[in-house]
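Reader: I am new to this structure and would like a close look at one part of it: the charged and polar side chains and what they touch. Please take it slowly and say where each residue lies.

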Amino acid sequence: MRYQKFKADYLFTGNELLDNKKILIIDEYGKIIEIIGEEEAGENVQGYKGIISPGFINAHCHLELSHLKDKVPEKTGLVDFVFTVVSQRHSEEEEILQSIGNSEGEMIRNGIVAVGDICNNSLTIAQKIKRNLLYYNFIETSGWLPEIASFRFEKSTEILQQFENNKLTASIVPHAPYSVSENLWGKMKKSFSGKTITIHNQESPDEDIFFKEGKGAFVKMFEKMKIDNTFYKAKKIGSVVNYFKHLSDASSVILVHNTFTTQEDIHYINQQKRRNQLISFCLCPNANLYIENTLPPVDLFVENDVNIILGTDSLASNHQLNILEEIKSIQKKYPQIETETFLKWATLNGAKALQMSDKIGSFEKGKKPGVILIENISEGNITNESKIKKLK
């Protein structure tokens with residue numbers, strides 16, 4: 001069997017950043033053999049400038065919306081963004097499928113090896129069965145009107161079955177707190193046990209205003225979409241307190257965006273989460289800038305030592321599907337965060353959240369996490385000029 005040996009200025013294992021005295025050895029299929037000292041490595045070591053890392057995990061994406069690139073205006077706020085996507089997402093199937101394939105290719109070139117992908121239909125299956133990337137498929141379910149809960153759940157169950165028939169990992173998940181009725185929660189939460197469940201969380205300040213006061217932009221959104229919201233009575237509690245109880249059976253929970261999450265919310269989540277349940281906060285900074293022109297309170301999540309992971313969202317709300325670019329956007333505002341920390345968010349943390357850490361996320365013997373090189377670094381740090389080169 002042939003082996004490949006890699007060294008660089010730095011070697012990130014998924015857990016820690018090592019210096020250039022360590023050599024990564026993989027077999028011809030990309031499986032990790034071991035990490036050894038350079039004095040033991042012998043000949044034929046491939047040397048690089050930069051940081052060698054496991055492949056990145058894109059924990060939140062909407063691959064099926066790739067055809068909307070450059071079609072949705074920026075910085076309009078969440079409500080107008082949602083309305084635009086809902087009204088424009090339908091297109092010729094050939095165009096949608098072509099865009100899906102192109103976007104997957106872009107992610108591969110950018111060093112991504114696994115994706116948590118939101119699915120409202122089965123259009124991505126044709127691409128995913130090629131097994132170019134690992135996917136955890138989230139069958140997104142929504143329905144604010146109580147009377148349509150059964151219909152919406154049955155529709156999602158049919159889509160789930162199509163993914164499972166193609167041996168693709170999938171689970172039924174809620175879209176967002178403001179788009180799922182109590183009736184629909186009651187139906188879908190019975191399927192959460194052992195699964196990774198994701199939800200769009202506090203992407204706009206109007207989310208908490210709606211649940212606390214029954215007012216704000218979401219009321220206007222329902223009116224614009226001709227959805228009768230008169231049945232809803234505000235409970236005087238925030239969004240997280242309103243819905244988090246429904247997630248108790250999930251093994252892993254991914255809260256996405258968290259742009260307006262507070263210390264009070266994090267404290268509540270930590271108190272309510274079940275023992276051994278992993279709660280991850282997925283940051284998609286470029287999408288937050290695209291939609292609301294703001295960033296989530298990253299320093300707050302760091303201070304609370306939560307499991308931070310990274311996503312790109314869709315090309316409807318981003319100019320590229322590139323986890324390295326997400327890191328750069330956070331780094332601009334939070335330069336005190338170390339490169340080692342960013343890389344852990346992008347690799348092992350994401351793998352754990354998607355329940356894939358037995359296969360990817362770190363350079364541990366027997367895994368096949370992919371091998372990427374981050375070029376154009378400065379003193380061990382990612383720079384604005386840094387880019388990804390795929391090594392394996």
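**Charged and polar side chains**

Author: At 42% relative accessibility, Lys359 counts as partly exposed. The model is a predicted one, and every value below is computed from it. The partner of Lys359 is Asp358, and the two form a salt bridge in which the closest N and O atoms are 3.6 Å apart. Asp358 has a relative accessibility of 55% and therefore counts as exposed, since the cut-off for that word is over 50%.

This pair is one example from a longer list, as a search of the whole structure finds 12 salt bridges. Another joins the side chains of Glu64 and Arg89, with 2.7 Å from N to O. Glu64 sits in the loop between strand 8 (56-61) and helix 2 (78-88), while Arg89 sits in the loop between helix 2 and helix 3 (93-109), so this salt bridge ties together parts that are 25 residues apart in sequence. Glu64 has a relative accessibility of 2%, which means that it counts as buried, the limit being under 20%.

A further salt bridge lies within one helix. The side chains of Glu325 and Lys328 meet at 2.9 Å, N to O. Both belong to helix 13 (residues 323-333), and because they are 3 residues apart there, about one helical turn separates them. Their surroundings can be given residue by residue. Glu325 is partly exposed, at 23% relative accessibility, whereas Lys328 is buried, with a relative accessible area of 4%. Salt bridges also link three residues, Lys7, Lys21 and Glu38, in a network.

Next come two polar residues without charge. Asn201 is placed in strand 12 (residues 196-201), and with a relative accessible area of 0% it is buried. Its side chain is joined to that of Thr261 by a polar contact of 3.4 Å. Beyond its neighbours within four places in sequence, Asn201 is in contact with several residues, among them Glu207, Val240, Tyr243, His257 and Thr261.

Gln277 belongs to a loop, the one between helix 10 (263-272) and strand 14 (278-283). Gln277 counts as buried, at 5% relative accessibility. A polar atom of its side chain lies 2.8 Å from the backbone oxygen of Leu247. Leaving out residues up to four places away in sequence, Gln277 touches Leu247, Ser248, Ala250, Ser251 and Val253.

Glu207, named above as a contact of Asn201, also takes part in a meeting of two helices. Two packed helices are described by the angle between their axes and the distance between the axes. The axes of helix 7 (residues 206-213) and helix 8 (residues 217-224) come within 8 Å and cross at roughly 90°. That angle makes helix 7 roughly perpendicular to helix 8. On the helix 7 side the residues are Asp206, Glu207 and Phe210, and they meet Ala217, Phe218, Val219 and Phe222 in helix 8. By type, the residues of this contact are 5 nonpolar, no polar and 2 charged.

Definitions and conventions
Residues are numbered from 1 along each chain as its sequence is written. This is a predicted model: local features need pLDDT of at least 70, side-chain atom pairs count only at pLDDT 80 or more; totals for chains, interfaces and linings use all residues. Side-chain values use heavy atoms; hydrogens and water are left out. Axes are lines fitted to C-alpha atoms, for helices over the stretch in contact, and angles run from 0 to 180 degrees between N-to-C directions. Helices (H or I, at least four residues) and strands (E, at least two) are DSSP runs, numbered from the N terminus. Angles under 35 degrees count as roughly parallel, over 145 as roughly antiparallel, 65 to 115 as roughly perpendicular and the rest as oblique. Contact means heavy atoms within 4.5 Å. Ala, Val, Leu, Ile, Met, Phe, Trp, Tyr, Cys and Pro count as nonpolar, Asp, Glu, Lys and Arg as charged, and the others, Gly among them, as polar. A salt bridge is a side-chain nitrogen of Lys or Arg within 4 Å of a carboxyl oxygen of Asp or Glu. Buried means under 20% relative accessible area, exposed over 50%, partly exposed in between (1.4 Å probe, protein chains only). A polar contact is a pair of N or O atoms within 3.5 Å; within protein, one must be able to donate a hydrogen and the other to accept it, and residues adjacent in sequence count only if both atoms are side-chain atoms.
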